[in-house]
Amino acid sequence: MFSLKNLKLEIQNFAHLINTYGYIPNGNRSYYLGRSHPPVFALMVELLAEIQGEQVCKMYAAAMRTEYDYWMRGTQNASFKQKNTHCFEHVVRMPGGELLNRYWDELASPREESFVEDVELGRTLEESAEYYRHMRAGAESGWDYSSRWLIDDHDLKTIRTTDIVPIDLNVWLLKIEEMLARAYQLQSKKAQATHFHSLADTRRLAIQNYLWDE
């Protein structure tokens, strides 16, 4: 059963995590700090705003912006700005120059929560570090583990999470851009509102171009 009280508490707790770490960690344990929870915070803010009014958007604008900056921080890396750089952290430059996102983890080592299993499989691979990062990124997605990340549906060794630009993640980031445009408009910050409207329009077109299949 839906509880408005619980929704408000969850949003407050998530905002606290964002303000503390810059994002919502994949879990409330120190070893989850290398990766985020899927970015659904803006969806929760939108739901609460539908119930309690537009002031909710303004109240959580800073937290939404902080989470967005975490997912997009690769764009500020000097090497990524060079045209021959394809990806950095969560950010991927598409063939037309558009920026979309992928799941990723700061670490390339066995997951602490599944250390034995990761080590046993990883030691059979030449590129074990890449395997570990793909596994961690799969955990960040919440789809741990779906065949959507595998080259061979039945072989976990073929996981390639960070090589994929997923539709779900990019739609959530589109929602953040739309919500930030809305929040800045409410705050009469026209330049920021225009900026995020533009980012949302660009991402929406890129999603249609690269991720839609008739």
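Me: A crossing is left-handed if the near helix is turned anticlockwise from the far one by less than a right angle, and right-handed if clockwise. Which kind of crossing does H7 make as it passes H8?

Reply: This is a predicted model, where local features need pLDDT of at least 70 and side-chain atom pairs count only at pLDDT 80 or more, while totals for chains, interfaces and linings use all residues. Residues are numbered from 1 along each chain as its sequence is written, and side-chain values use heavy atoms, with hydrogens and water left out. Names such as H7 follow DSSP runs numbered from the N terminus (helices are H or I, at least four residues; strands are E, at least two). The crossing of H7 with H8 is left-handed.

Me: How are H7 and H8 oriented to each other?

Reply: Their axes, 8 Å apart, make an angle of about 160°. Such axes are lines fitted to C-alpha atoms, for helices over the stretch in contact, and angles run from 0 to 180 degrees between N-to-C directions. Angles under 35 degrees count as roughly parallel, over 145 as roughly antiparallel, 65 to 115 as roughly perpendicular and the rest as oblique. H7 and H8 are therefore roughly antiparallel.

Me: How many nonpolar residues does the contact of H7 with H8 have?

Reply: Contact means heavy atoms within 4.5 Å, and the residues making this one include Leu 173 and Leu 180 of H7 and Phe 196 and Arg 203 of H8. Ala, Val, Leu, Ile, Met, Phe, Trp, Tyr, Cys and Pro count as nonpolar, Asp, Glu, Lys and Arg as charged, and the others, Gly among them, as polar. Alongside four polar and four charged residues, the nonpolar ones number 13.

Me: Which helix gives the most to the largest nonpolar core?

Reply: A nonpolar core is a set of buried Ala, Val, Leu, Ile, Met, Phe, Trp, Tyr and Cys residues joined through side-chain atoms within 4.5 Å; buried means under 20% relative accessible area, exposed over 50%, partly exposed in between (1.4 Å probe, protein chains only). The largest one has 42 residues, with Ile 11, Phe 41 and Leu 180 among those with the most contacts inside it. Elements giving two or more residues to this core include H1 (4-21), H2 (41-52) and H4 (61-72). The most, eight residues, comes from H7.

Me: How are H2 and H4 oriented to each other?

Reply: Phe 41, Ala 42 and Val 45 of H2 touch Ala 63, Met 64 and Glu 67 of H4. The two helices pack at an angle of about 160°, with their axes 10 Å apart. That makes them roughly antiparallel.

Me: Is His 16 buried or exposed?

Reply: His 16 sits in helix H1, and its C-alpha atom is 28 Å from that of Arg 203. Because its relative accessibility is 52%, His 16 counts as exposed.

Me: Which residue follows Asp 144 across a cis peptide bond?

Reply: The omega of this bond is about 0°. Its second residue lies in the loop between H6 and H7. That residue is Tyr 145.

Me: Is Glu 89 buried or exposed?

Reply: Glu 89 lies in the loop between strand S1 (87-88) and strand S2 (91-93). Although not a glycine, Glu 89 has a positive phi, near 50°. With a relative accessible area of 16%, Glu 89 is buried.

Me: Is Ser 188 buried or exposed?

Reply: Ser 188 is in the loop between H7 and H8, and its phi is positive too, at about 60°. Because its relative accessible area is 59%, Ser 188 is exposed.
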